[in-house]
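The following paragraphs lead through selected features of the structure shown here, beginning with the surroundings of a single residue and ending with a pocket.

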Amino acid sequence: MFEEEPVPPQGERARAVPVTEAVKQQAMDAAPVGITLTDPSLPDNPLVYVNDAYERITGYRREEVIGRNCRLLQGPETREAPVAKMRAAVAEAEPVTVTLRNYRKDGELFWNRVELAPLFDDDGEVAFYVGFQLDVTRRKHAERAARERARAYRDERMALEAVLSRVDGLLADVSATVVQASTREELQAQVCRCVASTPEYAFAWVGEYGLSGETVDPVVGFGGEAGAPRRVDELSLSFDDDDPVVAAVASNTIQLRDASECANGRLHGPEWPDRYGSVAVVPLSYGEVTYGVLAVYADEEGAFDEHERVVLASVGRTVATAINAVESHERVVADGVAEARLDVSGSELFPVVLAAGRECEVSFAGAEVADGEVSVLWDVTGVDAAVVLETAAAFPELSTSVVVDGEDGCLVSMTGSMGELVEGLAARGVEVTSLSADGDGASLVLSIPAGCDGRDVVSTVQSRFPGAALEAYRSGERSVRTRREFVAALDADLTDRQRAALVRAHAAGFFETPRAVSGETLAASMGVSTSTFHEHLRAALRKVVGEVVDGIAPTDGPL
């Protein structure tokens, strides 16, 4: 066994390894920070020693700096304050720490953290000044970036607070306006006045879609001196494909544009005054219906940013919702009715494609609601159900089922885009009167109540089925009692199953003599038993007869 040597006290161990001058020199040369010594006994207190790290930091070799004052690293961007602080410390033989801009040999600017301290001899006199240099450029850049981010966040917060404050005021004014307005014209005029009276904005106008849904017609505007009304309807504005108004309509999103970004420095065509610097065009959309646009102008360029987009998007939604509410009220109290006829031969509607490709006739036979989903019934003459289903396979977004399959035709039920359109139109009081297609063409007829903007109805159909073109539009007085009103009265009593049984029975020829279809077949198409089908049908017929007996059946004649 070996005996362990006793561990000497700390002091004895330190004395056992004497540090020579060579060791000190090696340690200083290997240090990761720059180390310098200056001799104040020599003229101009020159450098007498620099280590390897100093050479790496400054780019100077030892022989290039020995004998020179350390001010050789200073340059145009070196500030006087830290230099004066070092000069005063040297004069008082005191240590000092400063951070200043210095220059490397190649002229590159860097931040240098300098710690300077006097070294005294045995008589208490300053023999040398030792300096430690550390390149803190990255840290200074990080600190500057942090300050800039903090400043940007502060500016962003202040801008957002200003926007939110403006939102509260503008939305409060607009909301008060839309609540008080009784007509669409009054609503649009007052909204323009509210927006134009906002100090940041110079002018505002509202435009409505043309009947074809392809043009925007300015109808009211306010701005200029004291927010006076301006006759924008007399400007005869035309919008090319690059116009922000066209872009807002096409994309259904707000468009922000500066005059310098537009052709010839004009926000719109040559008829438009070029005194405004920027514009924001806000689509007025509710659901799938776009009623028009709100165009807001500012005198200066760059007036509209993402914050403005938030403000105006809220205004646009509020105005569109109010327009929908006003028109819904007008539909309830109005007595007139209009009919729109569209040529849908160029569309990709299933009945149009079927009629054109199979040389058959297809007509709209009604709609029914089951499990919250609207189904459209199509009466097909000239082909059997197998051919219809084969064509329907090319429309994967549609779900098709056969209700009745006859010798020279069939009745099919289909859910999908057409059902969604029927449901959306019905929510606005618009009824699909007919849709018929054959080898020569196809047409869609809509019954539109007074107070409902026919332009928006046509635009809705065209957005769903590109290729649909307005063929005719006529207005007239409503008859004493319309089929739509009669059906509306029944809808409050009829359940979805009762209505489905009634619609299918009528469309399939169940009430004809002899019957074209049996109750068993109709029950199977609805997925219910025969007895359940007859129960639904009897209940529906009892309610229909009740309406007739009470003397409120619809009058004869088209809508």
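In this predicted model, Glu208 touches Arg184, Gln188, Thr215, Val216, Asp217, Val219, Tyr291, Gly292 and Arg455, when residues up to four places away in sequence are left aside. One of these neighbours, Gln188, also makes a polar contact with Glu208, side chain to side chain, at 3.0 Å. Glu208 belongs to strand S6, which covers residues 203-209. Its relative accessibility is 7%, and Glu208 therefore counts as buried, the limit for that class being under 20%.

The nonpolar interior may be considered next. The largest nonpolar core holds 44 residues, of which Trp378, Met418 and Leu446 touch the most other members. A second core, separate from it, has 31 residues, including Leu187, Cys192, Leu284 and Ala320. Beyond four places in sequence, the contacts of Trp378 are Pro351, Val362, Ser363, Phe364, Cys410, Leu411, Val412, Met414, Met418 and Leu435.

A further feature is the second largest pocket, which encloses about 500 Å³ of space. Its lining comprises 23 residues, and Asn69, Cys70, Arg71, Gln74 and Met86 are the closest to its centre. At least two lining residues come from each of strand S1 (34-38), helix H5 (80-91), strand S3 (96-103), strand S4 (109-120) and strand S5 (126-135). H5 provides the largest share, with four residues. Sorted by class, the lining contains 11 nonpolar, nine polar and three charged residues.

Conventions
Residues numbered from 1 in each chain as written. Predicted model: local features only at pLDDT ≥ 70, side-chain atom pairs only at ≥ 80, totals over all residues. Heavy atoms only, no water. 1 Å grid on protein atoms, 1.4 Å probe; cavity = no way out; pocket = protein on both sides within 12 Å on 5 of 7 lines; lining within 4 Å. Points joined across faces, edges and corners; volume = space filled by probe spheres on them. Nonpolar A, V, L, I, M, F, W, Y, C, P; charged D, E, K, R; others polar. Buried < 20%, exposed > 50% of the residue type's maximum accessible area, 1.4 Å probe, protein only. Polar contact = N/O pair within 3.5 Å; in protein donor to acceptor, adjacent residues only side chain to side chain. Contact = heavy atoms within 4.5 Å. Core = buried A, V, L, I, M, F, W, Y, C linked by side-chain atoms within 4.5 Å.
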